[in-house]
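Hi,

Here is the structure I promised to pass on. Have a look at it first, and then read on for what I found.

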Amino acid sequence: MPDQPSLGIVLLNLGTPDEPTPGAIRRYLSEFLSDRRVVNLPRFIWLPILYLFILNVRPKKIVGKYQLIWGRKDSPLRTIMNALASRTEAAVINNLHSGSIVVRAAMTYGKPSITDVISEMVEVGVQRYIFIPLFPQYSAATVGASFDKVARALEQMTNVPPSRFISGYHDKDSYIHALTKSIERYRAFRDEQTLLLFSFHGIPQSQANQGDPYPEECARTAELVAHNLGLAPHQWCLSFQSRFGPAKWLTPYTDETLARLPSEGITRVLVICPGFATECLETLEEIKILNREIFMDAGGIAFKYVKALNATAAHVNVMKDLVSTHLYPAE
């Protein structure tokens, strides 16, 4: 009989609706947008807006987008996360640890929840944990929110297990190497007329003003990758996508950047989204379809998108590297 797994590794991502329907999207957005880490407006102002307007309008508005990217059985994000967890488990067991280890994917919002995944791990004998939010650049709205959810899950346990929480890895060598190699595989990268655009998910400027290190960590990631690629400053730039609502978010905005570039003589772009560990709505629909159309309609000639690291061997190596750094001493 195999040994019980003493160590559980939980890979965390933001989440996804259960299915591409207005009802499922509404449930997902309700949990997501109710989080104080995500929207830090006073509750008496935000919650009426959320429940009276946004949740009655937005699910119907974006259901077609989810249907467009949905796989045969599940969302791409959940499918890829499960594959990454499975491959990471095999790699960690084979290369880094003599005992039995279990690796699972969990979502900050939606299913499988962090609480459910921890419960399943307890049932198979897990006694200690490493939590890895797949948000390389720290933001309170992502990594901070993940920590809150983990803490709430653990506080339900009578005997709280030892655990470690990895809070970002924006400049980790293995991560920068993986991004670099993913870009080098594209022929467009070798074209000196092609601009490399790093598009990160945005956050409200007000959150950055409160001390969130996210914009600086995004810039550092882009700088390190550009340095590895040997790019001059004029060969790459950085922007922020996915803004929501009327408030000012981090600039420059990706859509406005792509609309402007052709007028400046830049008609070929290679776009990478380093903050997204897996493909999701924001990469498959917002970047590959919507922003591509914006760029081409503005006079662009060539638009290429660099796939997310997903469940590739390079991404598994990043996970393995993070785990090896935080493994507990053998008991």
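Start with Ile 9: its bridge partner in S2 is Val 103. This is a predicted model, by the way, so please read everything below in that light. That pair belongs to the contact between strand S1 (residues 7-16) and S2, which run parallel to each other and are joined by nine bridges. Helix H4 (residues 114-123) packs on the sheet there, where it touches S1, S2 and strand S3 (128-133). The direction of H4 makes about 160° with that of S2.

Zooming out, the sheet is an open one of four strands, ordered S2-S1-S3-S4, with parallel pairing. Why do S2 and S4 each have one side without a neighbour in the sheet? Strand S2 (101-110) and strand S4 (163-165) stand at the edges and each has a single partner strand, so nothing in the sheet flanks the other side. From one strand to the next, the twist averages 20°.

Now the chain as a whole. I count eleven helices and eight strands in its secondary structure. The radius of gyration is 20 Å, which agrees with the value near 20 Å for a compact globule of 331 residues. Along the principal axes, the C-alpha trace spans about 65 × 50 × 40 Å.

As for packing, 52% of the 331 residues are buried. Of the contacts with a separation of 6 or more, 78% are between residues 24 or more positions apart. The accessible surface is about 15700 Å², and carbon and sulfur atoms account for 52% of that.

Cheers

How values were computed: Residues are numbered from 1 along each chain as its sequence is written. This is a predicted model: local features need pLDDT of at least 70, side-chain atom pairs count only at pLDDT 80 or more; totals for chains, interfaces and linings use all residues. Side-chain values use heavy atoms; hydrogens and water are left out. Two strands pair if DSSP finds at least two bridges between them. Helices (H or I, at least four residues) and strands (E, at least two) are DSSP runs, numbered from the N terminus. Axes are lines fitted to C-alpha atoms, for helices over the stretch in contact, and angles run from 0 to 180 degrees between N-to-C directions. Contact means heavy atoms within 4.5 Å. The radius of gyration is taken over C-alpha atoms; the globule rule is 2.2 Å times the number of residues to the power 0.38. Buried means under 20% relative accessible area, exposed over 50%, partly exposed in between (1.4 Å probe, protein chains only). Accessible areas come from the Shrake-Rupley method with a 1.4 Å probe; for residues, only the protein chains shown count as cover.
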